[in-house]
Amino acid sequence: MAFSHRGLFRPLLSIWLAVLYFILPGAAYQDASDEVLKALPRPGQDFDIHDGAILSPILIPRVSGTPGSTVVLNHFADFFRTSLPDWNVEYQNSTSVTPVSDGKEVPFVNFIASRDPPWAAKGDVGRLTLVAHYDSKYSPEGFIGAIDSAAPCAMIMHAMRSIDDALTKKWESMKAKGHDHSIDDHSGIQVLFLDGEEAFEAWTETDSLYGARSLAQHWDSQVNPAMSVYKTPLSSISLFALFDLLGSRNPTIQSYYPTTHWAYQKLANVERRLRDLKLFKSTGRSWFPDASKSEHELPSQSHVGDDHVPFLRRGVEVLHVIDLSPLTGFPAVWHKEKDDGEHLDMNTVEDWSLLITGFAAEWMELDKFMPKPAAQRSMQPSENGPKTKSKRNSDKTELY
């Protein structure tokens, strides 16, 4: 029987990753430096609600199965094709009868974009998964759903574009140093824009979460190649970070799950540091009231139905980032006609995009590869003399 060291590598990798899985979460987590946080790009004009290249195309009615839904889906595809060509884009399709479809099947399309280390084999990559739903409510007619969830989709898109060059540099550096098969480098990232979150008539187990229920079941039933680190695509999700109802002023983000409270605290820490560095445009209190609590001190929370539920029920670790105050409930515009672009607090929207970018950069360990503040870049010498201010990363705010 033939034997090779390459054949031995995959089972050894599986064993070591399994061991690391049970180490205390966050033990090796490194905070982003102040320099990285100071250089995080803002979305600027791309978030203009009338003609911004990222946000404005999503601010239309986009009920599942309608032409508006297709327009937004194509916007996502165009963005990744032009701005993030190294990402892999897939669609997961399903159909379902809804209470308002007169017995006809309505199509639901989940948009999936991922980027993995170029050397990683299928089934060996654990992925930070950033999630938002892109559909809007069936009624009232013409409902936009800016916080619910056009703005969260735009925030994630901006964040992924902001870290993409750093991902390339990190993986190129690792390959050059021969570290492309080390245990801690089988870490990728993916984006899920889910369809059919909203109920068509009234929220029930069957009239809601159409896309999430389909994708969770599909990924749970798929099996990766033999000897893969992760048995299924579902088990490869290292964290399912769901962003919903974001874009109103002074949000309140609670921590719901003890096993991911450490990730909640990391997100809260990035927010605190951005405030301390005077990088937030919005003013007010901290968005994360549970940050100082331990996982044992979290209050007992009532169930919040959202796209994470089908994944949570299958054992996926979830960080639910949703604006829900124990005193006042959901934001005042929730499920009302005024949940449109005009009622977004744009300072808060931009600050969320900065926060999600910082959190993703930290999770993916990109500190050495993210852009430096402009003042530091301009002082660095080049082979041909003094280096002028670079626009490549600091001003990367237009859709290419």
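Which residue of β2 is the bridge partner of Gln 92? In this predicted model, the partner is Asn 110. The legends below set this pair in its surroundings.

**Figure 1. Overview of the predicted model, with its helices and strands.** The protein has 400 residues, of which 54% are buried. Its secondary structure consists of nine helices and eight strands. Among contacts with a separation of 6 or more, 77% are between residues 24 or more positions apart.

**Figure 2. The open sheet of six strands.** The strands follow the order β1-β2-β4-β3-β5-β6, and their pairing is mixed. β1 and β6 (318-322) stand at the edges; each has a single partner strand, so one side of each is left without a neighbour in the sheet. From one strand to the next, the twist averages 20 degrees. Helix α3 (residues 67-83) lies across β1, β2 and β4 and runs at about 15 degrees to β2.

**Figure 3. Strand β2 between β1 and β4.** On one side, β2 pairs with β1 in the antiparallel sense over 10 bridges; the bridge between Gln 92 and Asn 110 joins these two strands. With strand β4 (residues 187-194), β2 also pairs in the antiparallel sense, here over five bridges. The bridge partners in β4 include Phe 193 for Phe 111 and Ile 189 for Arg 115. Ala 113 stands opposite Val 191 in β4. Nine of the 11 residues of β2 are buried, so this strand is largely enclosed by the rest of the structure.

**Figure 4. Strand β4 and its pairing with β3.** Strand β3 (residues 126-133) runs parallel to β4, and eight bridges join the two. Which residue of β4 stands opposite Leu 130? Leu 130 faces Val 191, the residue that also stands opposite Ala 113. β4 is mostly covered, with seven of its eight residues buried.

**Figure 5. The surroundings of Phe 108 in strand β2.** Is Phe 108 buried or exposed? Its relative accessibility is 1%, and buried means under 20%, so Phe 108 counts as buried. Beyond its neighbours within four places in sequence, Phe 108 is in contact with several residues, among them Ser 64, Gln 92, Asn 93, Ser 94, Asp 195, Gly 196, Phe 200 and Tyr 210. Gln 92 thus appears both among the contacts of Phe 108 and as the bridge partner of Asn 110. Phe 108 and Glu 197 are 89 residues apart in sequence, and their C-alpha atoms are 10.0 Å apart in space.

**Figure 6. The second largest pocket and its lining.** The volume of this pocket is about 440 Å³. It is lined by 23 residues, and those closest to its centre are Asn 88, Glu 90, Lys 122, Arg 127 and Pro 233. The elements that give two or more residues to the lining are β1 (88-97), β2 (105-115) and α5 (210-221). Which element gives the most? β1 does, with four residues. By class, the lining has eight nonpolar, nine polar and six charged residues.

**Figure 7. Two residues with positive phi, Asp 102 and Leu 209.** Most residues other than glycine have a negative phi. Asp 102 has a phi near 55 degrees and lies in the loop between β1 and β2. With a relative accessibility of 74%, Asp 102 counts as exposed, because exposed means over 50%. Leu 209 has a phi of about 50 degrees and belongs to the loop between β4 and α5. At 7% relative accessibility, Leu 209 counts as buried.

**Figure 8. Two cis peptide bonds, one before Pro 140 and one before Ser 149.** Most peptide bonds are trans. The bond that joins Ser 139 and Pro 140 is cis, with omega about 5 degrees. Pro 140 is found in the loop between β3 and α4 (146-176). A cis peptide bond also joins Asp 148 and Ser 149, where omega is about 0 degrees. Ser 149 is found in helix α4.

Key. Residues are numbered from 1 along each chain as its sequence is written. This is a predicted model: local features need pLDDT of at least 70, side-chain atom pairs count only at pLDDT 80 or more; totals for chains, interfaces and linings use all residues. Side-chain values use heavy atoms; hydrogens and water are left out. On a 1 Å grid over the protein atoms alone, a cavity is a set of points where a 1.4 Å probe fits but cannot get out, and a pocket is an open set with protein on both sides within 12 Å along at least five of seven lines; lining residues have an atom within 4 Å of a point. Grid points are joined across faces, edges and corners, and a volume is the space filled by probe spheres set on the points. Ala, Val, Leu, Ile, Met, Phe, Trp, Tyr, Cys and Pro count as nonpolar, Asp, Glu, Lys and Arg as charged, and the others, Gly among them, as polar. Buried means under 20% relative accessible area, exposed over 50%, partly exposed in between (1.4 Å probe, protein chains only). Contact means heavy atoms within 4.5 Å. Two strands pair if DSSP finds at least two bridges between them. Axes are lines fitted to C-alpha atoms, for helices over the stretch in contact, and angles run from 0 to 180 degrees between N-to-C directions.
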